[in-house]
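Colleague: I would like to go through the ligand sites and the cysteines. Could you bring the model up?

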Number of protein chains: 4
Amino acid sequence: MTAHCPNPDKFFPVVKTPALQNGALKGKIALVTGGGTGLGRSIATTFARLGASVAIAARRLDVLQKAAEEIRKETNGVCEAFQMDIRKPEMISQAVDQIESKLGLPNIVVNNAAGNFIAATERLSPNAFSAIVDIVLKGTFFVTQEVGRRCIEQNKGCTVLSITATYSRAGAPFVVPSATAKAGVEVMMKSLSAEWTRYGFRFNVIAPGPIYTPGAFNRLMPGMTLDQAMELGKQGVAAGRFGEREELANLAAYMCSDYSSWMNGTTIDFDGGQTSLRQKSDFGSFLYEMDKQAWENIENIIKTSTGKANKSRL
Amino acid sequence: MTAHCPNPDKFFPVVKTPALQNGALKGKIALVTGGGTGLGRSIATTFARLGASVAIAARRLDVLQKAAEEIRKETNGVCEAFQMDIRKPEMISQAVDQIESKLGLPNIVVNNAAGNFIAATERLSPNAFSAIVDIVLKGTFFVTQEVGRRCIEQNKGCTVLSITATYSRAGAPFVVPSATAKAGVEVMMKSLSAEWTRYGFRFNVIAPGPIYTPGAFNRLMPGMTLDQAMELGKQGVAAGRFGEREELANLAAYMCSDYSSWMNGTTIDFDGGQTSLRQKSDFGSFLYEMDKQAWENIENIIKTSTGKANKSRL
Amino acid sequence: MTAHCPNPDKFFPVVKTPALQNGALKGKIALVTGGGTGLGRSIATTFARLGASVAIAARRLDVLQKAAEEIRKETNGVCEAFQMDIRKPEMISQAVDQIESKLGLPNIVVNNAAGNFIAATERLSPNAFSAIVDIVLKGTFFVTQEVGRRCIEQNKGCTVLSITATYSRAGAPFVVPSATAKAGVEVMMKSLSAEWTRYGFRFNVIAPGPIYTPGAFNRLMPGMTLDQAMELGKQGVAAGRFGEREELANLAAYMCSDYSSWMNGTTIDFDGGQTSLRQKSDFGSFLYEMDKQAWENIENIIKTSTGKANKSRL
Amino acid sequence: MTAHCPNPDKFFPVVKTPALQNGALKGKIALVTGGGTGLGRSIATTFARLGASVAIAARRLDVLQKAAEEIRKETNGVCEAFQMDIRKPEMISQAVDQIESKLGLPNIVVNNAAGNFIAATERLSPNAFSAIVDIVLKGTFFVTQEVGRRCIEQNKGCTVLSITATYSRAGAPFVVPSATAKAGVEVMMKSLSAEWTRYGFRFNVIAPGPIYTPGAFNRLMPGMTLDQAMELGKQGVAAGRFGEREELANLAAYMCSDYSSWMNGTTIDFDGGQTSLRQKSDFGSFLYEMDKQAWENIENIIKTSTGKANKSRL
Ligand SMILES: NC(=O)c1ccc[n+]([C@@H]2O[C@H](COP(=O)([O-])OP(=O)(O)OC[C@H]3O[C@@H](n4cnc5c(N)ncnc54)[C@H](OP(=O)(O)O)[C@@H]3O)[C@@H](O)[C@H]2O)c1
Ligand SMILES: NC(=O)c1ccc[n+]([C@@H]2O[C@H](COP(=O)([O-])OP(=O)(O)OC[C@H]3O[C@@H](n4cnc5c(N)ncnc54)[C@H](OP(=O)(O)O)[C@@H]3O)[C@@H](O)[C@H]2O)c1
Ligand SMILES: NC(=O)c1ccc[n+]([C@@H]2O[C@H](COP(=O)([O-])OP(=O)(O)OC[C@H]3O[C@@H](n4cnc5c(N)ncnc54)[C@H](OP(=O)(O)O)[C@@H]3O)[C@@H](O)[C@H]2O)c1
Ligand SMILES: NC(=O)c1ccc[n+]([C@@H]2O[C@H](COP(=O)([O-])OP(=O)(O)OC[C@H]3O[C@@H](n4cnc5c(N)ncnc54)[C@H](OP(=O)(O)O)[C@@H]3O)[C@@H](O)[C@H]2O)c1
């Protein structure tokens, strides 16, 4: 038998409809960076559907505007597009001005925008390394601080949710800039939780495993078809399947709603057991393939080789 | 200003109504150990309200039966009481027999039963240490394995959720048996996630911070009034308040529902920022009390003492 | 190219001679549980060589006595054997009485004794699970507390070092009892570090990766020859080789010496990068096999598929 | 009684002489960034004394040259000064050229250079945040990659040791840029351990607690006398004292020597139990002050309030 689940459809069904009660995010004003594509767009959609006023922000205004319009149609909710390069503090400030006047000051910030690509670390140029750190780590800080400062001044609370990755704590080869920067983001959130919660803030993190989006897969599994990437990737995920955007959006909605107002400083791995499965190789992954007979053989070998002393131990 | 939030009512409102859509747990059969009191009872109530058939199990049958009846009344749902000392494998087996015939084989197990008390470690008897380990660590294993084995045999999946504590990873003084045993439970869940997910299982953990229940507080803050305990305790929680049982029950419901079917091998800290606030003392907690003027002074001191070199660095 | 190092002899030479200055453990009285075999015996040997008076203790007195005699010969140092089943508090107490009168009260305790074996978790009997927990977790507590209590009473400090395993935090399949119990030990050490350091104690942990000992390998890689086990196992270790007992003993000696008197509450992974290599599968382990040409291809694919937008990002 | 040790002189003696055997680093060529002051200088001194050829590098050449000269005198060893701003890749490249021609290509790199200062996060300018990230995170990467690339090309191994801080995983308020950047460094090391160990590299981290150096204390405890800072700070350290530079240098020497050639991907907290003591506040720090009588009272209260049920549990 395999190490991952061969039958995810049966055991781990995908539910794409909203988990939370209708109107769960009413009164919320949410800024979602990178909200025009991929996971960010799904988060924005779910938030709008649950009653939040949503600002999506990224570099490509056309992409954002199209997305905002479609989200409004799909959800009957409020969603507006704003141009913002999160590497540029002044541009962030201007965009937040606009958001504030159009929708109000955000009381939810989802730090979702990021860059990433596969590379052998010795081949990276200094600029390539910096590019990722500047978006992921500095950009996340600049956005958080800009909105945060205004919230503190106006004595309003704010819930900050950052999207990192499963490899943000244990590290990963071939994505060193991203792993490095995402690790920084996770600890930034914890640090701010210790410093700013007294001002009415919450800071939490979702660390997702593989969820198909065109953006992520083009850069991380280049040159493969989707099917190939899925086939290869799912073997590393205990659940035997990738995640779906709506599943992550449901978790994000819960974490930004008042239902979780006591959740603070937390990182949630959301990865179908990818992280736990990594342990598989400790004593040989062939152990997953053993049947009843094979186990009985091993049990006998242990009994024989360790003798009586072992007997009493077991 | 304080390190914790002085105004939790404004910023971190308590929402006690169910977070999930009605019927979110329909078709689920949930076993909640320690479900007759405290957090376990709240979890059972929320689960029953969301459509699950709930079995609550612990040692005191009278307490359980009274609770089950009240839960049925309150929720119009299904809840039954079963006597089970989780330290005793045969008793577990018999109770699961009964559950299976009355409600069906559980596809949700909430390992919530536990024991704990405050003590100076050098004063513990070997029996006192064993007592906690036997309930928390062995008991959790025995219940998980008994239900798990049946699920594997019947080719049914199961979602296991264990309740640990915020101190399960970093440790804590004066509750050494509990910290030790809860740490074991967390890693047991991760290990099983690596081994049994292929059979359709999920294993997750909630590590809660302080939530008032008579059981926990009598043993952990003995000799204090509730007000004293709350006053003392909330200063260690960034959010400035304790959690409420219904908040935890909402998180548990999400984690046991199909909305989170891709969540696996995860531990969620749910503690109002208690863990993140622990970092406060690094450079003196007086830093939380500084006003604008004080910060300007410090900034000047740094500038002066480090001179030009520092200038260019900042 | 492989993910692990193909040339460990060149890059990661094994040094078996003592790392510390001669006499580094003079004046120390060390109790090493399980000190008659495997890693424990190597630790005892290195400690005796560095000037400590060493008590080795386990269940099989004959094994211990033979080991003690050989250690004395080999090192010209002090080493005595004591029978002690660490599951039995009274027996521990008697053995520590004897140690105290023969060598003095230990100011170093190395919790090294353990049991472990490979098994599919659904096949474990409750007794098999308990057997491991009783040795590893309860036994470690009983020994630590017995010596600790005496040290507190006599106002003497003590350094406690526990040996766990790399899988003690992330978990591992097929060794659930051990993973569970070792996790408990790690957090027990941290908790006691918070509680007893004020009495002059230190508590630290070494979490080793695979190091050949007959005890461990018979139970964990049963039915394989040593060569097969090594060949299989080293692929999971970044360094491309297993550890050697003397390397671990050198680390243990440092951690129990006064050179590290400020180290406290720490867990040191010692595993040739086994833990870090586990990450390898994130985006496909084929990435390790790519040559220059293959990387250039991938870089071009990324460039093409993401176009200008990516350009500016990188 | 206090939570920290009131008597560190008795229990946790400071040993400043080298721990390792003479000549333990013979044949090693070590680059220590920030090696002209503070911890870096101590590391350089110990390394030179143990036989390594040491290159110290930082921005201020005069400081470095004076230090190098003094180190040579003190140790009779090899130590040379090189100007290097680790934020500037070309400057790093030139400096490594010089090191290579003067001493040889480094086979040890100690990433020790850093910047840090106390600040309320909402008061930071974008430049202030960037300044720290650029030194700590980018600088560490640039140095590691520059030396690493050459080692790969020349098929030589290299041991990389980075100095972070105790707050690099759990975060800390008022030092958000540093906590963020140091977290990135830790995960960078783990990631590279997974990717480059096969080329003969090792990557490890020391995360120190408070050790007096003029550099750190002027920026982190500004406006206090050393005595005030020590008095305040040591209460947060279980051992009841700060660390000393030579203690850290001894640990660094071990980790860069061949004695630890199997240590890889590891982070070692070296903090006198500062991290473990942070747990103290869970149930009130008054617990540390209780005497025998007070504990007996509490034990009675627990017994009374929980009655028989508790009895059987204990
Ligand atoms: N999909 C996965 O499997 C997966 C797994 C783990 C983590 N994640 C994380 O999930 C998040 C979303 O990823 P995704 O998969 O949805 O990929 P994606 O569609 O490529 O999303 C990235 C978004 O970030 C925006 N962005 C990039 N640079 C920006 C900048 N300088 N300023 C503002 N916005 C910028 C992009 O928009 P513009 O180009 O228009 O600026 C884009 O909308 C990322 O944080 C990613 O690391 C994804
Ligand atoms: N409340 C908090 O602040 C807090 C914080 C962190 C973690 N937790 C965790 O939350 C869980 C619930 O705690 P709580 O606060 O709700 O306390 P509680 O009301 O005392 O709950 C403990 C439950 O466990 C049951 N139990 C104890 N020993 C048992 C045994 N041998 N077999 C079967 N059931 C047994 C008890 O019922 P019987 O006595 O009838 O058997 C009781 O219902 C525990 O795991 C606790 O560690 C609570
Ligand atoms: N070797 C590895 O690769 C590896 C890896 C990770 C961790 N470890 C850990 O390293 C430690 C030593 O293992 P090893 O490889 O050296 O195996 P080992 O030779 O089998 O050592 C185990 C020792 O524990 C003693 N022991 C077992 N039960 C005991 C009891 N109830 N009371 C007293 N002593 C008892 C045994 O002696 P008696 O039978 O005479 O009592 C034996 O000397 C263990 O903690 C193990 O988990 C080893
Ligand atoms: N002391 C502690 O308690 C403590 C605790 C935790 C961690 N640490 C860490 O230990 C390390 C050493 O700190 P320390 O206490 O010894 O302080 P320090 O004396 O101020 O050392 C910092 C060194 O970094 C160098 N540096 C700064 N920016 C640089 C740049 N751009 N390029 C090259 N070199 C640069 C400085 O030299 P120039 O100014 O000449 O460039 C200086 O020699 C740091 O990583 C620090 O974070 C210290």
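Modeller: What follows covers two ligand sites and then the cysteines. This is a predicted model, in which local features need pLDDT of at least 70, side-chain atom pairs count only at pLDDT 80 or more, and totals for chains, interfaces and linings use all residues. Residues are numbered from 1 along each chain as its sequence is written, chains are lettered from A and ligands numbered from 1 in the order in which they are written, and side-chain values use heavy atoms, with hydrogens and water left out.

Colleague: How many residues surround ligand 4?

Modeller: There are 27, and the closest are D:T37, D:L39, D:R60, D:N112 and D:T213. A residue counts as near if one of its heavy atoms lies within 4 Å of the molecule.

Colleague: Why is the site of ligand 4 described as shared?

Modeller: Its surrounding residues come from chains B and D, so the site is shared between chains.

Colleague: Which polar contacts should I look at?

Modeller: A polar contact here is a pair of N or O atoms within 3.5 Å; within protein, one must be able to donate a hydrogen and the other to accept it, and residues adjacent in sequence count only if both atoms are side-chain atoms. A polar side-chain atom of D:T37 is 2.6 Å from an oxygen atom of ligand 4, and a polar backbone atom of D:I211 is 2.8 Å from a ligand 4 oxygen. The protein covers 93% of the 870 Å² of accessible area that ligand 4 has on its own (Shrake-Rupley method, 1.4 Å probe).

Colleague: Which element gives the most to that shell?

Modeller: α8(D) does, with three residues; helices are DSSP runs of H or I with at least four residues, numbered from the N terminus.

Colleague: And where does ligand 2 lie?

Modeller: Ligand 2 lies between chains B and D. An N or O atom in the side chain of B:R59 is 2.8 Å from one of its oxygen atoms, and α8(B) provides the largest share of its shell, three residues.

Colleague: Changing topic, how many disulfides does the structure hold?

Modeller: Zero over all chains, where a disulfide is a pair of cysteine sulfur atoms within 2.5 Å. For D:C5, the nearest cysteine sulfur, that of C:C151, is 13 Å away.

Colleague: What about D:C151?

Modeller: Its closest cysteine sulfur, in D:C158, is 4.2 Å away, too far for a bond.

Colleague: Is D:C151 buried or exposed?

Modeller: D:C151 is buried, with a relative accessible area of 0%; buried means under 20% (1.4 Å probe, protein chains only).

How values were computed:
Helix = DSSP H or I, 4+ residues; strand = E, 2+ residues; numbered from the N terminus. Buried < 20%, exposed > 50% of the residue type's maximum accessible area, 1.4 Å probe, protein only.
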